[in-house]
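Thank you all for coming. I would like to walk through one structure this morning, beginning with a few individual residues and ending with the whole chain, so please have the view in front of you.

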Amino acid sequence: MSGKQVNVAIIGVGFGAEFIPIYQAHPNANMYALCRRNEAELNKIGDAFGVERRYTDYHDLLADPKVDYVHINSPIGDHAWMSIAALKAGKHVMCTVPMATTIEECEQIIDLVRSTGLKYMMAETVVYSREFLFIKEMYRKGELGKVQYMKASHPQDMEGWPEYWERMIPMHYATHVVSPVLGLVNGFAEYVSCFGSGTINERLAEKSGNPYAVESCHIKIKDSDIAALIWRFLFDTARQYLESFDVYGTKKSFEWALVEGEEHVIHTAKKPEPEIPERIRIPDFAHLLPEEIRPFTTTVQDAAHLSFIQGAGHGGSHPHLVNEFLRALLEDRDPWPNATQSANWTWTGICAHQSAMRGGEIVRLPAFTAG
């Protein structure tokens with residue numbers, strides 16, 4: 001990579017503060033500005049990390065010509081409008097998941113990316129976790145053989161999180177399970193069928209508009225004979241936090257550990273039955289990164305944050321996300337995932353909930369997100 005530096009502004013410095021030291025260490029980033037509505041908290045973080053340029057008004061930040069791109073870490077309801085405003089202001093965008101909550105917002109972001117030539121990337125952590133990178137390497141080397149089936153789960157009890165999560169629908173926050181099943185085979189969801197199961201308490205059901213405790217969905221991958229199963233819950237179901245991804249191939253299969261801290265399992269075909277499963281430890285993939293940010297795959301700056309208590313540090317993904325977007329800007333190429341892929345991953349979950357509310361009826365994704 002060249003010695004050029006890109007000026008980045010982080011929007012939302014609760015969870016977003018985790019990325020500040022990564023940008024400060026990256027040879028191609030200048031940690032230029034921070035934005036948060038709460039000025040006292042903004043100054044606390046700015047002082048702690050030595051970032052001088054600070055904004056409490058997002059529109060003032062967008063008016064700053066020195067900002068090259070924004071990294072949005074605000075609450076979910078802000079993702080779409082903030083991304084749209086940034087693209088209209090001539091800024092590249094990396095935004096945490098999900099991309100948006102409506103089809104119209106996804107389409108508007110895609111249209112702006114196409115018309116402006118700017119870059120957009122949804123910062124999906126799972127597809128840059130060490131587990132996914134390990135499975136992806138197995139797939140690339142042909143060790144899995146032909147992929148026959150995939151499944152992913154993301155059970156999570158959101159009690160105690162910020163209030164807006166009580167208004168959330170499980171499949172509206174499904175990219176952590178959609179992304180690995182589509183990302184591994186570089187596929188696009190074509191249509192879905194989803195069932196709701198169980199019930200949540202009346203207060204949450206009324207507040208969110210979702211009656212179901214669990215939503216489980218089958219995805220048909222376009223131009224592929226592979227189907228995938230994903231499932232989600234947010235409340236009123238007993239389960240330790242898990243983001244899992246299982247892949248079944250003709251030669252080998254990978255199954256995610258059911259309990260945090262336990263070893264994953266690889267199954268190898270055509271061995272004597274007792275020898276088929278093998279427990280493994282996943283290696284780190286810091287070697288894929290510039291040396292300056294490699295330590296961040298195994299350390300977190302705010303280990304007390306709920307994202308890390310439940311998310312186990314997101315599998316060392318944060319420096320990979322930063323590096324991918326910076327490389328895309330400097331190499332003038334699409335990041336992965338780009339805007340269209342991000343929309344497809346996001347809208348798989350949105351369409352899944354529509355299907356659940358219609359008793360499992362097949363719902364096709366919008367054509368503009370289907371590759």
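K270 is exposed, because its relative accessible area is 82%, and a residue counts as exposed when that value is over 50%. Please keep in mind, here and throughout, that we are looking at a predicted model. If you follow the chain, you will find K270 in the loop between strand 13, residues 264–268, and strand 14, residues 277–280. Its backbone deserves a second look, since the phi of K270 is near 70°, which is a positive value in a residue other than glycine. As background, most residues other than glycine have a negative phi, and most peptide bonds are trans.

A second residue with this feature is D236, where phi is near 60°, again positive in a residue that is not glycine. D236 sits in the loop between strand 10, residues 227–233, and strand 11, residues 244–249. Is D236 buried, exposed or partly exposed? With a relative accessible area of 45%, D236 is partly exposed, because partly exposed covers the range between under 20% for buried and over 50% for exposed.

Let me turn from phi to the peptide bonds themselves. A cis peptide bond joins V97 and P98, with omega at about -10°, and P98 belongs to the loop that runs between strand 5, residues 92–95, and helix 5, residues 103–116. Another cis peptide bond joins W336 and P337, this one with an omega of about 5°, and P337 is placed in the loop between helix 10, residues 318–331, and helix 11, residues 339–357.

The cis bond at P98 leads us to a histidine, H79, which lies in helix 4, residues 79–88. Which residues does H79 touch, if we leave aside its neighbours within four places in sequence? H79 is in contact with I72, S74, C95, T96, V97, P98 and M99, so both partners of that cis bond, V97 and P98, are included in the list, where contact means heavy atoms within 4.5 Å. The side chain of H79 also reaches the backbone oxygen of T96, at 3.3 Å. H79 counts as buried, because its relative accessibility is 1%.

For a larger buried element, I would take you to helix 6, residues 130–140, in which R130, E131, F132, L133, F134, I135 and M138 are buried. What covers those buried residues? The cover includes helix 7, residues 175–184, together with strand 11, strand 12 at 252–255, strand 13, strand 14 and helix 10. You may recognise strands 13 and 14 as the two that flank the loop of K270. Helix 6 is followed by G142, whose phi is positive, near 80°.

Now to the N-terminal part of the sequence. P27 is in the loop between helix 1, residues 20–25, and strand 2, and at 34% relative accessibility it counts as partly exposed. Beyond its neighbours within four places in sequence, P27 is in contact with K4, Q5, P290 and E292. The C-alpha atoms of P27 and E275, which are 248 residues apart along the chain, are separated by 46 Å. N30 follows in strand 2, residues 29–35, and it is partly exposed, with a relative accessible area of 28%. Leaving aside neighbours within four places, N30 is in contact with Q5, V6, N7 and V8, and Q5 is also among the contacts of P27.

Finally, the chain as a whole. The protein chain has 11 helices and 15 strands, and its C-alpha atoms fill a box of roughly 60 × 45 × 40 Å along the principal axes. For 371 residues a compact globule would have a radius of gyration near 21 Å, and the chain has 20 Å, which agrees. Buried residues make up 57% of the 371. Among contacts between residues at least 6 apart in sequence, 67% join residues at least 24 apart. The chain exposes about 15500 Å², of which carbon and sulfur atoms supply 49%. As for charge, there are 35 positive and 47 negative side chains, and the centres of the two sets lie 5 Å apart.

Definitions and conventions:
Residues are numbered from 1 along each chain as its sequence is written. Side-chain values use heavy atoms; hydrogens and water are left out. Helices (H or I, at least four residues) and strands (E, at least two) are DSSP runs, numbered from the N terminus. The radius of gyration is taken over C-alpha atoms; the globule rule is 2.2 Å times the number of residues to the power 0.38. Buried means under 20% relative accessible area, exposed over 50%, partly exposed in between (1.4 Å probe, protein chains only). Accessible areas come from the Shrake-Rupley method with a 1.4 Å probe; for residues, only the protein chains shown count as cover. Lys and Arg count as positive and Asp and Glu as negative; His and the chain ends are not counted. The place of a charge is taken as NZ of Lys, CZ of Arg, CG of Asp or CD of Glu. A polar contact is a pair of N or O atoms within 3.5 Å; within protein, one must be able to donate a hydrogen and the other to accept it, and residues adjacent in sequence count only if both atoms are side-chain atoms.
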